[in-house]
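Here is a walk through one chain, taken a piece at a time. Keep the viewer open and follow along as we go.

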Amino acid sequence: MTDIKTAFGGFSNSTIVMLASFMAIIAALQKTSFIVKFKALMYNMANKGGFKAYVLLIVIVMLGCSLFGTGSTAYYVLVIGLLSTLPYNKQLPPSKVLMPAGFAANHPLVPFNTALQYGIVIAVLGSAGVTANVNLLKFSLVNLSLSLGFLAWCVIAYKIMPDHPIAEASEEAKAQGEGAPVLTKQKETVTYISFVIAVVGMVLQSTIGDRGYAITGLAVGILLVFGVMDFNEIRNAISAPIILMSAGVIGIADALGNTGLTNLVGETVAQMLGGNVNPFVLIFVFCVLTSVLATLTGSTIGTVYVFAPMAIATCVNLGLDPTAAASAIVISGWCGHFLPIDGMPAMIMGTGNYKITEFWKFTIPQYFIRLLALTVGAVLIFPM
């Protein structure tokens, strides 16, 4: 059992507040001429349909992720929000592309923006008493191996993706995408400025803390003051069902984390592996543990700081270079997504109107393929 504060903590969670605020900004952004043109491009690609358009959409999203970095809430909300308005087309049903392209928002194809994960790798190596000397370019290539594994699975999964309309797509949405923008030039400028302010706030969050989330909320205030959106539009955007669902699951994640499950599992597995284990198996097992517990507890960095030092210590005891283990395990913290209890997977499943069986048909193979690609890349790039 847990107390009321923990159970309903998600509704006051700073990430949820930021996500809700950004939903309002996305709603405003969809009124601008830039997004109208971008939607028209996506609609044209979807209308052409087929395998090439499917792959191109995914690649474009992955290239955009290169700018925002892995795990950017701002980017995946933007991508899923845009994809949610794709009208149904038999040549390329929106349900066929929304899930792969939605998850693509977490996989940079040109991973140069890896400062957060790189810093954590240095930190966990240092916490385990290992002098850190990790080549940033090589670390980026480990990220690339993960992204290439994901892209390979998307290519394979093309034929198994479901064919049905998605929750938000409609003829009205299509008409909005193909029509003229509804904002004046002045209001468009205000919307773009608000969007930039919100993104900057989220990017700086790791440096300035919760003030970064507050900046996103203030950006919504600007939209209200300048008449880009009225109160009802903002209220409807920030109280979307996906926001309520995301807030609800945080209490469950916090409760699991408070049970001490993470530490218990880590200690048990470390004892089971012993001191004579294949390096590939060692890294893969700890990647699985890290990603699973990060998904269940909602604490990515906290889980990484539990399991990475254990794997590093095991490598040191075996006389192996722990850099590959540290790199792969840190990256794996952002590689769960097989359960719809986190922001991105929950939003993808809800927006795409997927059944849980359809969701797992894509996410479970994706989960293992990505971790295998990540482990192989880490071992090859940082020989042990």
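Where does asparagine 353 lie? Look in the loop between H19 and H20. Keep in mind that this is a predicted model. Asparagine 353 has a positive phi of about 55°, although it is not a glycine. Most residues other than glycine have a negative phi, which is what makes that kind of value worth a second look. As for cover, asparagine 353 is partly exposed, with a relative accessible area of 47%.

There's another backbone oddity to visit. Histidine 337 also isn't a glycine, yet its phi is positive, near 70°. You'll find histidine 337 in the loop between helix H18 (323–332) and helix H19 (343–351). Is histidine 337 buried or exposed? At 8% relative accessibility, histidine 337 counts as buried, whereas asparagine 353 is partly exposed.

Now zoom out for a moment. The chain's secondary structure comes to 20 helices and zero strands. Of its 384 residues, 53% count as buried. If you take the contacts in the chain with a separation of 6 or more, 83% of them are between residues 24 or more positions apart. The accessible surface comes to about 16,500 Å², and carbon and sulfur atoms own 66% of that.

Next up, the aromatics. Searching the whole structure turns up nine aromatic pairs. One of them joins tryptophan 153 and phenylalanine 362, with 5.9 Å centre to centre and 40° between the planes, so the pair is tilted rather than stacked (under 30 degrees) or edge-to-face (over 60). Tryptophan 153 sits in helix H8 (residues 136–157) and phenylalanine 362 in helix H20 (residues 356–381), so this pair ties together parts that are 209 residues apart in sequence. Both partners are under the 20% cut-off for buried: tryptophan 153 has 8% relative accessibility, and phenylalanine 362 has a relative accessible area of 0%. The pair has company, too, as Phe103, Trp153, Phe359 and Phe362 form one aromatic cluster.

Stay on helix H20 and look for tryptophan 360, which has its place there. What do Ile356, Trp360, Ile364 and Phe368 make? Together they form a nonpolar surface patch of about 320 Å². Tryptophan 360 itself is partly exposed, with a relative accessible area of 34%, while phenylalanine 362 is buried.

One more ring deserves a stop, this time with a charged partner. Lysine 96 lies over the face of tyrosine 158, at 4.8 Å from the ring centre.

Back on helix H8, which holds tryptophan 153, you can also pick out serine 140. Serine 140 is buried, with a relative accessible area of 11%. Leaving out residues up to four places away in sequence, serine 140 touches Pro111 and Thr114.

Finally, try leucine 78, in helix H5 (residues 73–83). Leucine 78 counts as buried, at 12% relative accessibility. Which residues does leucine 78 contact, leaving aside its neighbours within four places in sequence? The list is Phe22, Ile26, Leu29 and Phe195. For Ile26 there's a backbone distance to go with the contact: the C-alpha atoms of leucine 78 and isoleucine 26 are separated by 6.4 Å, although the two residues are 52 residues apart along the chain.

Note on methods
Residues numbered from 1 in each chain as written. Predicted model: local features only at pLDDT ≥ 70, side-chain atom pairs only at ≥ 80, totals over all residues. Heavy atoms only, no water. Phe/Tyr/Trp six-rings, centres within 6.5 Å; stacked < 30°, edge-to-face > 60°. Helix = DSSP H or I, 4+ residues; strand = E, 2+ residues; numbered from the N terminus. Buried < 20%, exposed > 50% of the residue type's maximum accessible area, 1.4 Å probe, protein only. Lys NZ or Arg CZ within 6 Å of the ring centre and 35° of its normal. Patch = residues over 30% accessible without salt bridge, like charges linked within 9 Å, V, L, I, M, F, W, Y side chains within 5 Å. Areas by Shrake-Rupley, 256 points an atom, 1.4 Å probe, with all protein chains shown as cover. Salt bridge = Lys/Arg side-chain N within 4 Å of Asp/Glu carboxyl O. Contact = heavy atoms within 4.5 Å.
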